[in-house]
Amino acid sequence: MIPHFLVELGYLVASAFFIVGLKWLGSPATAPRGNRLSSIGMLLAIVITLVDIEILSWTNVLIGMVIGSALGLWMARSVKMTSMPQMVALLNGFGGGASLLVASAEYLKPRLLGEAIATGTGVTIQLSILIGAVTLSGSLIAWAKLQEVMTGKPITWPGQQFFNAVIFLGIVALGVMLVVQGDAPMWMLAAVIGLALLLGVFLVIPIGGADMPVVISLLNSYSGIAAAMTGFVIDNHVLIIAGALVGSSGIILTRIMCKAMNRSLSNVLFGAFGGGGAAGGGGASAEGLSVRSISVEDAAVQLAYARTLIVVPGYGLAVAQAQHVVRELAELVARNGGQVKYAIHPVAGRMPGHMNVLLAEANVPYDQLYDMDQINDQFEQADVALVIGANDVVNPAARSDPSSPIYGMPILDVDKAKSIIVMKRGMNPGFAGIENALFYHPRTAMLFGDAKQSLTRLVAEIKSL
Ligand code: NAP
């Protein structure tokens, strides 16, 4: 046992580390430091709790920590950048699962000892079980969709939302009985857990695979709320604070993503976007328009003599893993006296901050990265805008075509540049499944091919000029 005030002081320090860590995560330059500080805060909170409560023997604690750390290290080191959303989904699910287990144990313990549970605690336990179970099964479905273990297409059927509402009401009815009846039969607890797990599955299967990052962020928020609830149940202040931080930051991130796509959360959750309905529907038609392609040699000349180059990275850059070559190309342009800037759209790629992380991995200087609001009025002065594997985030239909599914989504104003080079493999649409008028623009030239291969050839060509 540690004196109470020392426990609370330790928790306060850990909470301060979480808050400062979160603040530092706000910029790519300080994000690694923020990550480390938050992890130290978590270690502190865990060690204080274990020493204070003496739940386990030290041998068990050390074995658990070594296995957990080794697994975490292996996962973090081996995960591909494009598979990060799946990993986050899995870790979220574990968070929800932990809350589910702790809350169930807190219900069972007094029952087995024949003690009564206060109504307030009972309600919190039931909420923690519900949110924890929904987070666990929902996150596992999100993982399965992204890992392509199951279809990424929305699975829908008539009356789906009514069906979910019935399950939810069933959980509420059983939960109320468990709180009110001190001697409620145990099958009711099992039924609440089973139904809540089922609800998590049914809430996520109608959502398209490409919308999973938004869902994961929302489930992340749920896991935080579940943890905060559990904190109330076991009267642990640091768990309440950490849960509240995760809950609120998850919901803020969800909002940022929805806003950047100009979609409401209900459209993401119930709109079954990406099921083929959007493809071909609305947006510009390519009929009668022609595309101008450019050779590597001609593109290299344009880039070599550009005074201002704005690179616009997108999902294709991540798929091609071309981040290192793009930095090499930018260095060559800079050596020739050109100024290089990277334009970062908030939802470019498939997870928030995808492009920042990708470019940071290739040591692209942070001061060359510009947010959409900072760079949009600079496209007009750019000699060349080089679009690498980006599609929806540069689609002018979002500005001009009210019938387009992405109408209203803020985009990078690439079409205003003096010359535009678009690098992609063919004419495939992006995530939204729609035509892009930018590719048919008179100032646009298409450099077809895998982004990494094309960039490697461009680098070689510029070197030989
Ligand atoms: P995008 O619209 O999905 O387009 C990516 C393009 O990359 C495709 O058109 C594809 O064309 C090309 N590509 C794929 N592999 C390539 C390769 N190896 N080399 C070269 N090109 C390649 O991507 P985006 O412009 O980044 O937009 C992101 C989309 O995802 C937005 O619609 C956004 O709303 C959505 N989204 C993002 C998030 C997030 O958190 N970031 C979350 C949910 C949804 P080809 O096949 O012809 O090469």
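Contacts in the protein chain are mostly long in sequence range: of those with a separation of 6 or more, 77% join residues 24 or more positions apart. A contact here means heavy atoms within 4.5 Å. The model is predicted; local features need pLDDT of at least 70, side-chain atom pairs count only at pLDDT 80 or more, and totals for chains, interfaces and linings use all residues. Residues are numbered from 1 along each chain as its sequence is written, and side-chain values use heavy atoms, with hydrogens and water left out.

The secondary structure of the chain comprises 17 helices and 6 strands. These are DSSP runs, numbered from the N terminus: helices are H or I with at least four residues, strands are E with at least two. Along the principal axes, the C-alpha atoms fill a box of roughly 80 × 50 × 35 Å. The chain has 465 residues, and 46% of them are buried. Buried means under 20% relative accessible area, exposed means over 50%, and partly exposed lies in between (1.4 Å probe, protein chains only). The exposed area of the chain is about 21,900 Å², with 65% supplied by carbon and sulfur atoms. Areas come from the Shrake-Rupley method with a 1.4 Å probe; for residues, only the protein chains shown count as cover.

In soluble globular proteins, nonpolar side chains tend to be buried together. The largest nonpolar core in this model has 77 residues. Such a core is a set of buried Ala, Val, Leu, Ile, Met, Phe, Trp, Tyr and Cys residues joined through side-chain atoms within 4.5 Å. Val 312, Tyr 342, Val 414, Leu 455 and Leu 458 have the most contacts inside this core. Helix H13 (residues 323–335) provides its largest share, 6 residues. Tyr 342 touches Val 311, Val 326, Arg 327, Ala 330, Leu 359, Val 364, Gln 368, Leu 369 and Tyr 370, not counting residues up to four places away in sequence. Another core, of 33 residues, lies apart from the 77-residue one. Its members include Ile 125, Ile 171, Leu 178 and Ile 205.

The ligand is surrounded by 31 residues, each with a heavy atom within 4 Å of it. The closest are Asn 391, Asp 392, Arg 425, Asn 428 and Asp 450. The shell divides into 17 nonpolar, 9 polar and 5 charged residues. Ala, Val, Leu, Ile, Met, Phe, Trp, Tyr, Cys and Pro count as nonpolar, Asp, Glu, Lys and Arg as charged, and the others, Gly among them, as polar. Helix H12 (residues 315–320) gives the most to this shell, with 4 residues. Backbone N or O atoms also approach the ligand. One of Val 347 lies 3.0 Å from a ligand nitrogen atom. For Pro 352, the distance to a ligand oxygen atom is 3.2 Å; for Phe 431, it is 3.0 Å to an oxygen atom. Taken alone, the ligand exposes 920 Å², of which the protein buries 98%.

Most residues other than glycine have a negative phi. Glu 148 has a positive phi of about 60°. Its place is the loop between helix H5 (119–146) and helix H6 (160–180). Glu 148 counts as exposed because its relative accessibility is 69%. Asp 235 also has a positive phi, near 55°. This residue is found in the loop between helix H8 (212–233) and helix H9 (237–260). At 59% relative accessibility, Asp 235 counts as exposed.

Key. Polar contact = N/O pair within 3.5 Å; in protein donor to acceptor, adjacent residues only side chain to side chain.
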